[in-house]
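User: I would like to learn how to read a few features of a protein model, beginning with its aromatic rings. Could you take me through them step by step?

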Amino acid sequence: TKEKGDFDQVELARMMVGREIGDFYPPKRAQRSGEPLLEVKGASVAGFVQDAGLVVRPGEIVGLAGLIGSGRSELAEAIVGARKLSNGTVTLEGKKVNINSVKDALRLGIAYVSEDRKGTGLHVDLDVVENTTLANLRAYCHPLVSAKLQAKRTEEWKRDLDIRAGDLRADVTFLSGGNQQKVAVAKWLDTKPRVLILDEPTRGVDVGAKREIYNLIQRLADEGMACIVISSELPEIVGVCERVIVMREGRVMGELTGDEISEENIMLRAAGVAA
């Protein structure tokens with residue numbers, strides 16, 4: 001038996017991982033090539049992110065990994081205008097864009113599914129229809145809001161995402177965690193984004209709904225959407241993502257592709273043991 005002082009940092013990092021992924025996730029696809037759809041360079045958010053960057057191509061699923069406090073969510077929030085960039089640039093299809101609000105991001109086709117589903121992701125005192133169509137409300141105004149059109153579109157999302165809701169006019173708070181998450185995703189998909197950022201997409205979701213969400217992410221990527229997945233669950237990052245960017249204390253510690261993507265390699269970089 002080893003004494004406390006006999007363990008080095010690498011061994012401790014390895015002991016923190018090691019779970020087998022199995023067949024729970026969709027089959028990995030070939031790595032995407034081509035010009036970036038979204039590129040972030042030298043991004044800094046005061047107190048949270050320092051000189052970070054990422055690239056995501058059409059049809060790609062890119063993971064943002066790291067320990068709590070690594071700056072993953074703050075970087076995503078800066079990309080969509082929910083936080084202010086103190087430095088850095090964001091380019092979309094090679095053209096520099098200025099994003100100062102979530103409205104700006106949506107206009108450019110960038111949507112963000114927040115990790116705080118019941119706080120900023122959904123309005124729990126509104127019904128399923130209202131939540132699903134809220135981000136794209138202008139599309140339902142002719143000139144007044146058409147409740148009939150909202151309900152029709154929500155029914156379509158219900159079928160497409162298999163949202164289990166008996167009454168679409170019931171408050172969204174009465175749905176299960178998995179179905180609430182599907183509504184949150186439908187809300188942003190309704191804006192027809194080209195880039196979709198999902199922050200902790202399966203937090204508080206049952207196993208069956210998790211698998212459905214993983215399959216949905218891959219389907220969206222297959223249709224050409226650029227997807228960024230932020231998750232604290234290492235098996236999720238390994239199982240879903242084709243390329244992984246690891247962050248630590250606001251900085252990018254490395255990028256993993258192909259067979260390099262493993263829980264151990266992610267943890268070594270997230271813990272600052274490897275670069």
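User: How many aromatic pairs does the count come to by this rule?

Analyst: Please keep in mind that this is a predicted model. The count comes to one aromatic pair. A pair of aromatic rings is described by the distance of the centres and the angle of the planes. Here the rings of Tyr-25 and Tyr-214 have centres 4.8 Å apart and planes at 40°, so the pair is tilted. The pair links distant parts of the chain, since Tyr-25 belongs to the loop between helix H1 (9-15) and strand S1 (38-45), while Tyr-214 belongs to helix H8 (residues 207-222), 189 residues apart.

User: Does burial apply to these two rings in the sense of a cut-off, and which relative accessibility does Tyr-25 have, buried or exposed?

Analyst: Buried means under 20% relative accessible area. Tyr-25, at 14% relative accessibility, therefore counts as buried, and Tyr-214, at 1%, counts as buried too.

User: Which residues of H8 are buried, and what do they pack against?

Analyst: The buried residues of H8 include Ala-209, Lys-210, Ile-213, Tyr-214, Leu-216 and Ile-217, with Gln-218, Leu-220 and Ala-221 also among them. These buried residues pack against S3, S7 and S8, and against helix H6 (147-161), helix H7 (177-189) and helix H9 (234-240). As for its length, H8 has 16 residues and reaches 23 Å from its first C-alpha to its last, which is close to the 22 Å expected at 1.5 Å a residue.

User: In what order do the strands of the six-stranded sheet come, and how does H8 lie across it?

Analyst: One reads a sheet by its strand order, its pairing and its edges. This open sheet of six strands has the order S6-S7-S8-S3-S9-S10, with mixed pairing. Strand S6 (110-113) and strand S10 (251-257) are at the edges, and each has a single partner strand, so one side of each is left without a neighbour in the sheet. From one strand to the next the twist averages 20°. H8 lies across strand S3 (61-65), strand S7 (195-199) and strand S8 (226-230), and runs at about 150° to S8. Helix H10 (residues 263-270) also packs on the sheet, where it touches S3, S9 and S10, and its direction makes about 30° with that of S9.

User: How many bridges join strand S9 to S10?

Analyst: Six bridges join S9 (residues 243-248) to S10, and the two strands run antiparallel. Ile-245 stands opposite Glu-255 in S10.

User: Where is the place of Cys-241, and what is it in contact with?

Analyst: Cys-241 has its place in the loop between H9 and S9, and at 0% relative accessibility Cys-241 counts as buried. Leaving aside neighbours within four places in sequence, Cys-241 is in contact with Lys-28, Ile-61, Val-62, Gly-63, Val-229, Glu-236 and Ile-261. The C-alpha atoms of Cys-241 and Tyr-214 are separated by 9.9 Å, with their positions 27 residues apart along the chain counted as the distance apart.

User: What order has the open sheet of four strands?

Analyst: The order is S2-S1-S4-S5, with antiparallel pairing. Strand S2 (49-56) and strand S5 (95-97) stand at the edges, each with a single partner strand, so one side of each is left without a neighbour in the sheet. Five bridges join S1 to strand S4 (residues 87-92), and Glu-39 stands opposite Thr-91 in S4.

Terms used
Residues numbered from 1 in each chain as written. Predicted model: local features only at pLDDT ≥ 70, side-chain atom pairs only at ≥ 80, totals over all residues. Heavy atoms only, no water. Phe/Tyr/Trp six-rings, centres within 6.5 Å; stacked < 30°, edge-to-face > 60°. Buried < 20%, exposed > 50% of the residue type's maximum accessible area, 1.4 Å probe, protein only. Pairing = 2+ DSSP bridges. Axes fitted to C-alpha atoms, helices over the stretch in contact; angles between N-to-C directions. Contact = heavy atoms within 4.5 Å. Expected span 1.5 Å × (residues − 1).
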